[in-house]
Structure formats: structure tokens, C-alpha cells
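Biologist: I am new to this structure and would like a close look at a single part, the aromatic rings and what lies around them. Please take me through it slowly, and tell me how far the model can be trusted.

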Amino acid sequence: KNQSATFSNRREKIMIMSGHFATVFALVNHLLLQRTSMHVAALSPCQEIIDVAIIGGGPAGLAAALAAKRVLGDGASVVVFERSPEFLEIGGQVGLFGPAFNALDALDPSGIVNAAVEEAGNVRKKLRMLNDKGVLENEMDVGVGADSNSKQVAIPWFALQRALANLLPSGVVRLGHELTTMDEEACSIDGEDCVALTFKGKNDGESNEVGTCSETETTCHARLVIGADGNLSQTRALLFGEKEKFPSYAGSAIWRMFVYGAEFEGLEPAIMNVYTGDGKVLAIQRMGDRLYIVGQAGWPEDELSVLDRRRYVGEEDGNDSGGRSTNAERLERFAKTFAGFPQDVVKFAVDHCETASILEHPIYYREPDRPWGKGRVTLLGDAAHCIPPNMGMGTPLAFEDAVSLGHALAKHGVKSEALRSFEADRMERVNTIAKFAIEQTGQYYKEKDDNANPFKLSKVSQFEYIMNFQQDPIIPTDYGMSKEV
């Protein structure tokens, strides 16, 4: 009887302790999910079946998720896997103009997405173009028309990321998932092929254990995989081999910095000053409580090891790397490169080095006509078609990709045919613009041909081709997934 009472007491204590542990676990999990304002989820259960898995939580991947959810409805599982354990204030400025807003209008005809992006950014009203001596050559009013083509918005990359992420339902974005393996042959769902994905967890040292998973890996099965993981795409490397991962060097380098708590005399809000000449571009613009300064110039390929590339790409790009450098070292290279430009801008950057975080890296591109996908996997955005930034079309093309993907899913359902349809729809326009951008960046930054100055676009046919492009709006549907797959 005493033994039975003792056992009963112990069992009650164990149950009470278990309840405490469950409460603590739930609280910790809740706090982890509240670390950002966005709807993000913890690591996924083992062997989870996902309809559309998107690799990469940047603007391209998030736009693709918005398109897929709009088309496939709440009955479909759409998940964005982002390798970073949290959304950080990283990256430079993204300049959005006509093609980007046309795509967002097609992605969401209600205007909610467009409005969220505009609210998170800074509407640009005037572009002032000066030469490398600071002499004003031209002024252009922008954003004065009623249509999307007239609008320009400057937005920090991280602010664009957050604006798009906040529009997705809870649980769609999963942080701390770095893709390590991808295998289509070893996977089947209901007798049909799928893709087995393995991720390495990076939740700031917290345990990633869910179910019977190991502490560092999770696995899921996906009916379709969209690689939107940037110009050094791991998805591309796993799909086509490691050599396909690395893009080509475009012959120039870029310095980007935000300066906080300082005023640049004569620079009004919503106005961007752009200085060009000698195969270089230097620009400054106020963006809310900060100033954004960017400079791009030719850089010898045999001196690439000097640049702070590892800070930008997160890993080697196949060549000798200079590793990490200090803000002061990056600023010194910036100041030396633009020594012949107006010193009020250059000196301003130097004087406020302590309040600036400087991003320095080479400009890359991927040769047009490279493959995008096969089987149940495709690529989107920079992972598919990395181009130089001189035309400002990197993000707009990614948004257009998302719209095209949405239409393909609406037509074909969650099948590989949707991916081939998407690729066929996009390749001609993307490759045409890529060839424009690659040719122009070489002529201006390497050959110093001012006729190729990106702020003096002289080829009207190119401008019209870029701007006069419209996509049909995505019409929401609600596929019965059991019937479509």
C-alpha cells in the first residue's frame, strides 16, 4: 500500500513537471516566432509533403509565394524556405519603376501589394543628372503621371523583403532552413514523382528537433520546387552541378551604404542626385531617416581579391577571395575610386563612416540562354537570370517571373508542365533584356563609352521594349489538390 501511494505521488509529480515543461516549451516557441513582425514558422516536421517549395526568402521568392497562394488557394501548401535565421537589415537600395509596378498590379489587381511596397519605400519625384564635376546636365520629374510607368520608388532591400513577407499567411515563411540536398529520384507521392529536400537548421543555436528528425536536419517532400535563392543559387548547383552555380564577372564593382543621423546640404527628400562620367556612377538620395549613397565603377579582374566579396556572397565564388575587411578599408577604396568626383559627396561619406555600413562587391551576370530547370524544379529571379544592375531590371524581372509562374500554375496545376510553360513564357524577354544590360555595362564601366551611360539611355527601342510590357492579372482559383496532382 505504501509502495502504491509512493508510486502514485511520483506519477503526479511527473505529470505536474511534464505540464510545466509543456508550458515552458510553448512559451519559448511563441517567443521565437515573435522575434520579427512577419509571419514565420519554426522548422518543419519530418517527411512533410509540400505542394510548392520555394527556396529563398528574398523579394523574388516572396513574390513567387504570393502568386502561388493566389492561384492555388488555401488548400495548397506553399512554403518559402529562407536560410537566414532571421530577417536582417541588410542589402542596398532597390529602385522600382514602371515594369515592377506593372507586375505587382498583375500579381494583385486589388492594389494591396503595390500599396504595401510603396508605403515601405520612398516615392521619388525628381532625378537630377550631373556630370563627374558636379555640373547639372538634366533634371527629370518622375512620378507625375497616373499610370504605373510614371512611378518610381526607392526602397531598402530589407524593407521590400519585409513588406512582401507581411502579406503572406502565417506559416508560409520558414526561417533557418539552408538547402543541402535535393533528390527527385528518391521521392514519390501517391505514385507520382516529387522532390526530396533536406535542410540544415540555423535557429541561433536552438534545437531544431521535431518528431524523429536529427537536431541539425529536416526533410520534406515537394511536388514542385522553385529556386529563388539569388545569383549564387544552391538550387541551381544541386540541379545542374557546382560549375553552374557561379555567375560571370561583369568588370565593375559597387559600393553601397546607408548613412544615419546626418544631413546632406541641398538634398531634398524625394530627389536623387546622380553623377556620371569616366565610366563611373555616383548617386545620393534621402530615404526616410537615412541617406543612401552608391557608387559603381570598373574594377580590374586581377584585383578582385582585394574586394570584400565574402561579406556579400557569404562564400567563395570560385576564385581567390580577399575575405572580410573593415568599414574604413572599404571606404578608403570607395574614396580613391571616386577621387575625381564632387568631393562634397565623397567627403560626406568619409566623414560619416562611423554611422554607415558599407557593402562592397563585384557585379556579376549569368550568360543568357542558360537552362532554368528540369523535372519538378525551376529557377526564378537572379537564380535563373542574374544581370548587371545598370538597367534597374533585376527585381522587376523577378516580379514578372512570379506573375508568369502564377499563370502557369493556374493553367497546368502543380505539375512539371507548369514549370516548362513558365520557362518558355519568360526566356525570350529575360534573355533580350539580359543581353542589353550585359552589353551596356561592359561598354560603360569597362570601355568608358559615355554613349552607354545607363542614365543617358539613347536607344529608344530598348527603352520601349523594357517599359511597354503588360501581363494579364492573376485570377484567384482554388484547385482541389487531390484532383490536380
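Modeller: **Aromatic rings and their surroundings**

The charged end of Lys151 sits over the ring of Phe101, at 4.3 Å from the ring centre, where sitting over a ring asks that NZ of Lys or CZ of Arg be within 6 Å of the ring centre and within 35 degrees of the ring normal. This is a predicted model, in which local features need pLDDT of at least 70 and side-chain atom pairs count only at pLDDT 80 or more, while totals for chains, interfaces and linings use all residues. Residues are numbered from 1 along each chain as its sequence is written, and side-chain values use heavy atoms, with hydrogens and water left out.

Both Phe101 and Lys151 are in contact with Asn114, as are Leu104 and Asp105, once neighbours of Asn114 within four places in sequence are left aside; contact here means heavy atoms within 4.5 Å. Asn114 belongs to helix α4 (residues 112–120), helices being DSSP runs of H or I with at least four residues and strands runs of E with at least two, numbered from the N terminus. Asn114 counts as buried because its relative accessibility is 5%, and buried means under 20% relative accessible area, exposed over 50% and partly exposed in between, with a 1.4 Å probe and protein chains only.

A second charge, the end of Arg429, sits over the ring of Phe469, 3.9 Å from its centre.

Turning to rings that meet rings, a search of the whole structure finds 10 aromatic pairs, counted when the centres of Phe, Tyr or Trp rings (for Trp, the six-membered ring) lie within 6.5 Å, with planes under 30 degrees apart called stacked, over 60 edge-to-face and the rest tilted. One of them joins Phe334 and Phe338 in a tilted pair, 5.3 Å centre to centre and with 45 degrees between the planes. Phe334 is buried at a relative accessible area of 0%, and Phe338 is buried at 0% relative accessibility. Trp372 and Phe422 also form a tilted pair, 5.8 Å centre to centre and with 45 degrees between the planes. Because Trp372 lies in the loop between β19 (356–365) and β20 (377–379) and Phe422 in helix α12 (residues 416–446), this pair ties together parts that are 50 residues apart in sequence. Trp372 and Phe422 are both buried.

As for trust, the chain averages a pLDDT of 82, and 80% of the residues score at least 70, pLDDT being the predictor's confidence in each residue, from 0 to 100. Where pLDDT is low, the predicted coordinates should not be read in detail.
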